[in-house]
Amino acid sequence: MSEIISIKNLSKSYNQTKAVNNLSLTIDRGEFFGFLGPNGAGKTTTIRILTGIIKPDQGEITISGFTQNRKEEIARIIGVTPESRGFYDWMTAFEYLQFFANIYKIKNNEQSRIIASLLSQVGLLSNNIMKMRINAYSRGMKQRLGLARSLINKPEILFLDEPTLGLDPQGQEDIQNLLQKLNKEGVTIFLSSHLLHEVSNLCSKIAIIHKGNLVAEGAIDELRQKTGLKETYYVRIQGSITAVQKSDILSHIDKIKDNGVTSDFVFQDSLENANRLLNTLREKNIQILEFRSESETLTDIFLNLTLES
């Protein structure tokens, strides 16, 4: 895939505090990219720089071939759903989107169709909602409208800062499904979210920053390897484990539960060593009732990397 966003040695300070420190990243065209970090890590500052809202102190940015001084060209090809969303509360949703359609110079005879389609996609196309002023919207409804606004110009790249914050579980699923659909249609998505399960389910590549510094980047499996976190294995066998067997083959097991009829044990290790243990159990004619593995979650990876740094 070709590169669509390039960030080289990006830095930004506020007074004496480094919000972003020498950050370098590349995002490929069509990628669903997750951008993670604790509060104050520099995520929102980075997005504001990428979208032209603030200037960096140093560094180079290229977006779809345009350098950072080509603001007008970049604005035409990106959509932005910021964490803090500004709305004109006296407008209806249709009037609000029409306002932005005019900014992007969308033809008058196409505006109604495009706006209706967007409102339908985000679940706001109903007679009751269409009559409401935005000041009567719930937080979740405003989240949906903000996403619709970011799509009005059919962007190549979508920057999202906490897009499902304030939505109920059904609303979160609706928006996640829409984002997956957009990504399959070729839209590059740059997602910043505190919902780690959301990032884990949606993103093909993830970067984690802490105190303005990049601490890890890659697919979840690559991040797992970087942390050194091992797979957790659960084994259930028939019968009781004798003292001899415990010392012989289970000396490195983390947890053992033996009720006399079956025995359960849990351990963290490589797949190779897990298979070696299973072969040992078979050689001793011990019946294996259950064997399953559980990978470390993105939450485990995130905490490991941010606490270390």
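**Confidence along the chain.** I began with the confidence values of this predicted model, and I found that strand β8 (residues 188-192) has the highest mean pLDDT among the elements of the protein chain, at 95, while helix α10 (residues 243-249) has the lowest, at 54. For the protein chain I noted a mean pLDDT of 86, with 93% of its residues reaching 70 or more.

**Helix α3 against helix α6.** I then looked up how helix α3 (residues 93-103) packs with helix α6 (residues 139-150), and I read an angle of about 25° with the axes 10 Å apart. Because angles under 35 degrees count as roughly parallel, I wrote down α3 as roughly parallel to α6. The crossing of these two helices is right-handed. On the α3 side I listed Ala93, Tyr96, Leu97 and Phe100 as making the contact, and on the α6 side Leu145, Ala148 and Arg149. Sorted by class, this contact of α3 with α6 holds 6 nonpolar residues, 1 charged residue and no polar ones.

**Helix α3 against helix α4.** Next I asked myself at what angle α3 and helix α4 (residues 108-121) pack. The angle is about 130°, and the axes lie 10 Å apart, which means that α3 is oblique to α4. I recorded a right-handed crossing where α3 passes α4. From α3 the contact draws on Ala93, Phe94, Leu97, Gln98, Ala101 and Asn102, and from α4 it draws on Asn108, Gln111, Ser112, Ile115 and Leu119. I noted that the residues of this contact of α3 with α4 divide into 6 nonpolar and 5 polar, with no charged ones.

**Aromatic pairs.** Counting rings of Phe, Tyr and Trp whose centres lie within 6.5 Å, I arrived at 10 aromatic pairs. I looked up Phe159 and Phe190, whose ring centres are 5.4 Å apart and whose planes stand at 45°, so I entered the pair as tilted. Phe159 lies in strand β7 (residues 157-161) and Phe190 in strand β8, so this pair ties together parts that are 31 residues apart in sequence. Strand β8 is also the element I had entered above with the highest mean pLDDT.

Technical notes: Residues are numbered from 1 along each chain as its sequence is written. This is a predicted model: local features need pLDDT of at least 70, side-chain atom pairs count only at pLDDT 80 or more; totals for chains, interfaces and linings use all residues. Side-chain values use heavy atoms; hydrogens and water are left out. pLDDT is the predictor's confidence in each residue, from 0 to 100. Helices (H or I, at least four residues) and strands (E, at least two) are DSSP runs, numbered from the N terminus. Axes are lines fitted to C-alpha atoms, for helices over the stretch in contact, and angles run from 0 to 180 degrees between N-to-C directions. Angles under 35 degrees count as roughly parallel, over 145 as roughly antiparallel, 65 to 115 as roughly perpendicular and the rest as oblique. A crossing is left-handed if the near helix is turned anticlockwise from the far one by less than a right angle, and right-handed if clockwise. Contact means heavy atoms within 4.5 Å. Ala, Val, Leu, Ile, Met, Phe, Trp, Tyr, Cys and Pro count as nonpolar, Asp, Glu, Lys and Arg as charged, and the others, Gly among them, as polar. Rings of Phe, Tyr and Trp (its six-membered ring) pair if their centres lie within 6.5 Å; planes under 30 degrees apart count as stacked, over 60 as edge-to-face and the rest as tilted.
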